[in-house]
Amino acid sequence: PQHPLAVPLVRRLQRDRGSTGCWGTTQNNAFVLLAMDAYFAVYEKTDPNFTLDLFYGDTYAGTQRWSGRTAESRAVEIPMADLLVSAAGSDLTLHKQGPGRLYYRLGLRYCLPGTHVEALDAGFTVERRYETLDAVADASDPERTEDGRVVVRGGIRIRVTVLVSTRRHRYHVAVVDPLPAGFETEEEAAQPSISVISRQTYRGSHRSQIRSYSFWYQHRNLRTERAEAFTTHMSPGTHVFSYTARATSVGVFFAPPAYAEEMYTPETHGRSSSDKVEVVM
């Protein structure tokens, strides 16, 4: 009953519920509920009745008191200014006094600089590319300059492609691509998206090697300032989300990174690098 895989297994079972909150079949539901009951009898047999004190280094950060069972969650926030006091950082200490099981999550919210942001892989690898849909005199349009700017012609349509790769099964995934201010999304009939392919296959010319060609996502939004795709389950591999935008305003614009994350465990995430987009006439 104290097996180290017990807690991860329960977490996985919770994630594996379908959109209806079930596990596929009557037999699956029965065995999962029996397993959950066994887990509860071992790990949750004592009602919570404890006090939690938080310290960041030597600084007191707050206290929470828990008495009895509840679905309520509570949060203690530490300002970024306090985190940056020590360049080397400090330990975050959770001091629990009293019986009962404590579940907690540590997260960091921060603002990225509006200049250049490097790609990051914390569970997802994300890449973004721009391609011209309309015929133009210059076949290289859009082009990328030596300083990294993406140069496009005003008024043309752009195919924006976001490639999301993961090495494990992921759950409740959101893929979001913020648009540069000079672009606007264009509504179009949704086309099936490439799913579970190798990067070499996608970049190469052998498209017959693609293993799946269907919608990997269950819902998408084309908003004024961003495009979004959502799925409750993402298989290991590479998945492609694409949409059409039009370059509507002349100027130089910052394109924040496209990113993917598990919505309920956002520490599993990833982002592309940012882009600087120039729209010219």
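Select Glu 186 first. At 24% relative accessibility, Glu 186 counts as partly exposed. Three words recur on this tour: buried is under 20% relative accessible area, exposed is over 50%, and partly exposed is in between (1.4 Å probe, protein chains only). This is a predicted model, in which local features need pLDDT of at least 70 and side-chain atom pairs count only at pLDDT 80 or more, while totals for chains, interfaces and linings use all residues. Residues are numbered from 1 along each chain as its sequence is written, and side-chain values use heavy atoms, with hydrogens and water left out.

**Stop 1: Glu 186 and Arg 246**

Now add Arg 246. Arg 246 forms a salt bridge with Glu 186, and their closest N and O atoms are 2.4 Å apart. A salt bridge here is a side-chain nitrogen of Lys or Arg within 4 Å of a carboxyl oxygen of Asp or Glu. Arg 246 sits in strand 15 (residues 237–247), and Glu 186 in the loop between strand 10 (183–185) and strand 11 (194–197), so the pair ties together parts that are 60 residues apart in sequence. Arg 246 is partly exposed, at 26% relative accessible area.

**Stop 2: a network**

Select Arg 128, Arg 144, Asp 177 and Asp 275 together. Salt bridges that share partners join these residues into one network. Zoom in on one link: Asp 275 pairs with Arg 144, with the closest N and O atoms 3.2 Å apart. This pair links distant parts of the chain, with Asp 275 in strand 19 (residues 275–280) and Arg 144 in strand 6 (residues 143–144), 131 residues apart. Is Asp 275 buried or exposed? Asp 275 is buried, with a relative accessible area of 7%.

**Stop 3: Glu 267 and Arg 105**

Go to Glu 267. Glu 267 forms a salt bridge with Arg 105, the closest N and O atoms being 3.1 Å apart. Again the pair links distant parts of the chain: Glu 267 is in strand 18 (residues 265–271), Arg 105 is in the loop between strand 3 and strand 4, and their positions lie 162 residues apart. Glu 267 is partly exposed at 42%. Arg 105 is also partly exposed, at 48% relative accessibility. The structure holds 18 salt bridges.

**Stop 4: the loop after strand 3**

Stay in this loop and pick Thr 115. Thr 115 is found between strand 3 and strand 4. Thr 115 is exposed, with a relative accessible area of 59%. Which residues does Thr 115 touch, not counting residues up to four places away in sequence? They are Phe 254 and Ser 274. A contact means heavy atoms within 4.5 Å. Measure with your viewer's distance tool from Thr 115 to Asp 275: their C-alpha atoms are separated by 9.0 Å, although they are 160 residues apart along the chain.

Next, click Leu 112. Leu 112 lies in the loop between strand 3 (92–97) and strand 4 (120–122). Leu 112 is partly exposed, at 34%. Add Met 80, Leu 84, Leu 108 and Tyr 110: with Leu 112 they form a nonpolar patch on the surface, with about 500 Å² of accessible area together. Such patches are made of residues with over 30% relative accessible area and no salt bridge; like charges are joined within 9 Å, nonpolar side chains (Val, Leu, Ile, Met, Phe, Trp, Tyr) within 5 Å.

**Stop 5: two cysteines and a histidine**

Select Cys 111. At 74% relative accessibility, Cys 111 counts as exposed. Cys 22 is partly exposed, at 34%. How many disulfides does a search of the whole structure find? It finds zero, taking a disulfide as a pair of cysteine sulfur atoms within 2.5 Å.

Then move to His 172, in strand 9 (residues 170–178). Phi of His 172 is near 55°, a positive value in a residue other than glycine. His 172 is partly exposed, with a relative accessible area of 24%.

**Last stop: the whole model**

Zoom out and color by secondary structure. There are four helices and 19 strands. Helices (H or I, at least four residues) and strands (E, at least two) are DSSP runs, numbered from the N terminus. Of the 281 residues, 35% count as buried.

Now color by pLDDT, the predictor's confidence in each residue, from 0 to 100. The protein averages 84, and 86% of the residues score at least 70. Over residues 197–211 the pLDDT is below 50; beyond near neighbours in sequence, this stretch has 21 contacts in the model. Where pLDDT is low, the predicted coordinates should not be read in detail.

Technical notes
Areas by Shrake-Rupley, 256 points an atom, 1.4 Å probe, with all protein chains shown as cover.
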